[in-house]
Amino acid sequence: MPDYHDDLRLGHVLADAADAATMERFKALDLKVETKPDMTPVSEADKAAEELIRGHLQRARPRDAVLGEEFGSEGSGPRRWIIDPIDGTKNYVRGVPVWATLIALMERGENGDRPVVGVVSAPALNRRWWAADGLGAYTGRSLTSASRLTVSQVARVQDASFAYSSLTGWEERGRLPGFLELSRDCWRTRGYGDFWSYMMVAEGAVDMCAEPELSLWDMAACAVVVQEAGGRFTGLDGVPGPHSGNAAASNGLLHEELLNYLGDGRR
C-alpha cells in the first residue's frame with residue numbers, strides 16, 4: 001500500500017504558504033477583484049496563492065501534474081495536484097471568514113484518478129482538516145496536534161442535519177422539488193456552503209450535504225477527508241468520488257436516502 005505521509009506533509013507546507021498570502025490580503029481595502037468569463041469573482045489573492053503553491057510544487061514535485069482553478073492544467077502523469085486557492089471567493093471579498101484553500105493529490109489507478117491526499121485550510125476560521133488514503137482524517141493545528149475525525153451515526157433522515165450552499169442552483173437545474181422535500185423531512189437545514197459543509201460531515205456535526213454544480217478543484221480535497229472519516233462522497237448520480245460535476249456527501253448511513261431525494265433518478 002502506498003505511503004502518503006510525505007505528500008501529506010507537503011500539503012501542509014503548501015497550505016501554510018497559502019494561508020500567509022491569503023490572510024495578508026483578507027479585508028484589505030485595496031484588494032483587486034475581477035470578474036471571470038463565467039461571471040464569478042477572482043481576487044488578486046486567489047491568483048497569488050495559486051502561483052505560490054505551483055512554485056512550491058515545481059520545486060518539490062517537478063514530475064507531478066497540476067490543475068488549478070485560476071491557471072488551468074500543467075504537466076501529465078499518474079500523479080496530479082488539484083488546487084482551489086480560495087474556495088469561497090465571494091465570502092473572501094466581502095470579509096466573511098468562511099473560505100479555505102483546498103489542496104488535493106490525485107493518483108491514477110485501475111479505476112481512474114482518485115484523490116489520495118486532501119488538505120482543507122481555513123485560516124480566518126483558525127481551522128484545518130486533512131486526510132490521506134488509509135491514514136484517516138484529522139483536524140487540528142498541525143500534524144502533531146490533531147484530533148481524528150469520525151462521521152455521525154444518525155441513521156434516520158428525520159433526525160438528520162442537512163447542509164447546502166444555495167437554493168438557486170437546485171432550481172436552475174430542475175432539482176428544487178427534491179431539495180424542498182428533503183428540507184421538510186429532515187430535522188434541520190443550514191446553508192453553511194462550500195467546503196465547510198463537507199468538513200462538518202467529516203466531523204459528525206452535520207449528517208449530509210450536497211451541491212448541484214461543482215468543479216474538480218471544489219471536491220477533490222473534500223472527498224478524501226469525508227471518505228477517510230468514514231463517510232461517503234459521490235456525485236448525484238451515485239458514482240463515487242469527485243468526477244460527476246456535483247456532489248453528495250453523508251455519514252454513509254443516510255447516503256442512499258440522500259440520493260433518493262436529490263439524485264439523478266428524481267429528474
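Helix α6, residues 194-203, lies across five strands: β5, β6, β7, β8 and β9. Its direction runs at about 65° to β8. A second helix, α7, packs on the sheet as well. This is a predicted model. The sheet itself is open and has eight strands, and a search of the whole structure finds 21 salt bridges.

**Helices on the sheet**

- Helix α6 reaches across β5, which covers residues 79-87, and also across β6, β7, β8 and β9.
- Helix α7 spans residues 216-228.
- Helix α7 touches β3 (65-68), β5, β6, β7, β8 and β9.
- The direction of α7 makes about 90° with that of β7.

**The sheet**

- The strand order is β4-β3-β5-β6-β7-β8-β9-β10, and the pairing is mixed.
- The edge strands are β4 (72-74) and β10, because each of them pairs on one side only.
- From one strand to the next, the twist averages 20°.
- In a regular strand, side chains alternate between the two faces of the sheet.

**Two antiparallel pairs**

- Strand β6 (residues 100-109) pairs with β7 in the antiparallel sense.
- Nine bridges hold the pairing of β6 and β7.
- In this pair, G109 stands opposite G112 in β7.
- Strands β9 and β10 also run antiparallel, joined by four bridges.
- Strand β10 covers residues 145-148.
- Here G140 stands opposite A146 in β10.
- A hairpin of two residues connects β9 to β10.

**Salt bridge R128 to D16**

- The side chains of R128 and D16 meet in a salt bridge, at 2.9 Å from N to O.
- R128 lies in strand β8 (residues 127-132) and D16 in helix α1 (residues 5-25), so the bridge ties together parts that are 112 residues apart in sequence.
- R128 has a relative accessible area of 7%, so R128 is buried; the cut-off for buried is under 20%.
- D16 is partly exposed, because its relative accessibility is 46%.

**Salt bridge D133 to R114**

- The side chains of D133 and R114 form a salt bridge of 3.1 Å, N to O.
- D133 sits in the loop between β8 and β9 (136-142), while R114 belongs to strand β7 (residues 112-122).
- The two residues are 19 apart, and the pair links distant parts of the chain.
- D133 counts as buried because its relative accessibility is 16%.
- R114, at 39% relative accessibility, counts as partly exposed.

**Salt bridge D264 to R175**

- The side chains of D264 and R175 meet in a salt bridge of 2.7 Å, N to O.
- D264 is in the segment after α8 (255-262).
- R175 is in the loop between α4 (168-172) and α5 (176-185).
- This pair also links distant parts of the chain, 89 residues apart.
- D264 has 33% relative accessibility, so D264 counts as partly exposed.
- R175 has 6% relative accessibility, so R175 counts as buried.

**A salt-bridge network**

- Salt bridges that share partners join five residues into one network: D7, R61, D64, R79 and E107.

Methods
Residues numbered from 1 in each chain as written. Predicted model: local features only at pLDDT ≥ 70, side-chain atom pairs only at ≥ 80, totals over all residues. Heavy atoms only, no water. Salt bridge = Lys/Arg side-chain N within 4 Å of Asp/Glu carboxyl O. Buried < 20%, exposed > 50% of the residue type's maximum accessible area, 1.4 Å probe, protein only. Axes fitted to C-alpha atoms, helices over the stretch in contact; angles between N-to-C directions. Contact = heavy atoms within 4.5 Å.
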